Amino acid sequence: MTNKEFENLINDDKVLVDFYAEWCGPCRMLGEVIKEITEFKIHKVNVDDARDIAIKYNITTIPTLILFKKGKVLLKMKALHHQPQSCTPSPYNPAGVYPTF
C-alpha cells in the first residue's frame, strides 16, 4: 500500500485502521475481534509491508488501532489489553475522552 492509497482510505467518514504484523500473536487475536465491528470501515495495514505509513503514524507497538474521521486521527489505541483501559490524554486525543458518533 502506498502513502497516497492510505490517505485515500482514511478520508472516508469513519475508518478504523488495524496496524499489525503476520508474526504477531496478539494481532491475530485482535483481528478476530475486529471482524465483529460494523460501525466503521475497517482497513488492515501490515507494518512490515508499509513501513513508511507506520513511521508516519508513529506505530511503535502492535497491534495498534487508529480511528480516523475524514482523515483526522480521533483515537489511537496501542496493544491488546485484557482489562479495560481508561482513555488517557495524548497528542491524538488531548481531551482524554472516547469520541461519540
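Among contacts between residues at least 6 apart in the sequence of this chain, 63% join residues at least 24 apart. The model that shows this is a predicted one. The chain contains three helices and four strands, and read from the N terminus these elements follow the order α-β-α-β-α-β-β. Of its 101 residues, 34% are buried. The accessible surface of the chain amounts to about 6500 Å², and carbon and sulfur atoms account for 54% of that area.

The interior may be considered next. In soluble globular proteins, nonpolar side chains tend to be buried together. In this model, the largest nonpolar core comprises 19 residues. Within this core, Phe6, Val17, Phe19, Tyr57, Ile59 and Phe68 have the most contacts. Helix H1, strand S1, helix H3 (51-56) and strand S3 each supply two or more residues to it, and S1 contributes the most, with four residues. A second core, separate from this one, has six residues, among them Ile34, Leu65, Leu67 and Leu75.

Val17 illustrates how one residue of the largest core is surrounded. Leaving out residues up to four places away in sequence, Val17 touches Phe6, Ile10, His43, Val45, Thr64, Leu65, Ile66 and Phe68. One of these partners, Leu65, is also listed in the second core.

Aromatic side chains form a further theme. The structure holds four aromatic pairs. In one of them, the ring centres of Phe6 and Phe19 lie 6.1 Å apart with their planes at 50°, and the pair is therefore tilted. Because Phe6 belongs to helix H1 (residues 3-10) and Phe19 to strand S1, this pair ties together parts that are 13 residues apart in sequence. Phe6 has a relative accessible area of 1% and is buried; Phe19, at 0%, is buried as well. Phe6 and Phe19 join Tyr57 and Phe68 in one aromatic cluster. These four residues are also among those with the most contacts inside the largest nonpolar core. Another ring, that of Tyr20, has the charged end of Lys44 sitting over it, 4.5 Å from the ring centre.

Helix H2, which spans residues 25-34, has both buried and partly exposed positions. Which residues of H2 are buried? They are Cys27, Leu30, Gly31 and Ile34. These residues cover an arc of only 110° around the axis, so they lie on the same side of H2. The cover over them includes strand S1 (15-20), strand S2 (41-46) and strand S3 (64-69). One of the four, Ile34, belongs to the second nonpolar core. Met29 also lies in H2, but with a relative accessibility of 47% it counts as partly exposed. Its C-alpha atom is separated by 9.7 Å from that of Pro63, a residue 34 places away along the chain.

Strand S2 offers a final example of residues brought together from separate parts of the sequence. Lys41 is located in this strand and, at 45% relative accessibility, is partly exposed. Apart from neighbours within four places in sequence, Lys41 is in contact with Asp12, Lys14, Val15 and Leu16. For one of these partners, Lys14, the C-alpha atom is separated from that of Lys41 by 6.4 Å, although the two residues are 27 apart along the chain.

Definitions and conventions
Residues numbered from 1 in each chain as written. Predicted model: local features only at pLDDT ≥ 70, side-chain atom pairs only at ≥ 80, totals over all residues. Heavy atoms only, no water. Buried < 20%, exposed > 50% of the residue type's maximum accessible area, 1.4 Å probe, protein only. Contact = heavy atoms within 4.5 Å. Areas by Shrake-Rupley, 256 points an atom, 1.4 Å probe, with all protein chains shown as cover. Arc of directions from axis to C-beta. Phe/Tyr/Trp six-rings, centres within 6.5 Å; stacked < 30°, edge-to-face > 60°. Lys NZ or Arg CZ within 6 Å of the ring centre and 35° of its normal. Core = buried A, V, L, I, M, F, W, Y, C linked by side-chain atoms within 4.5 Å.
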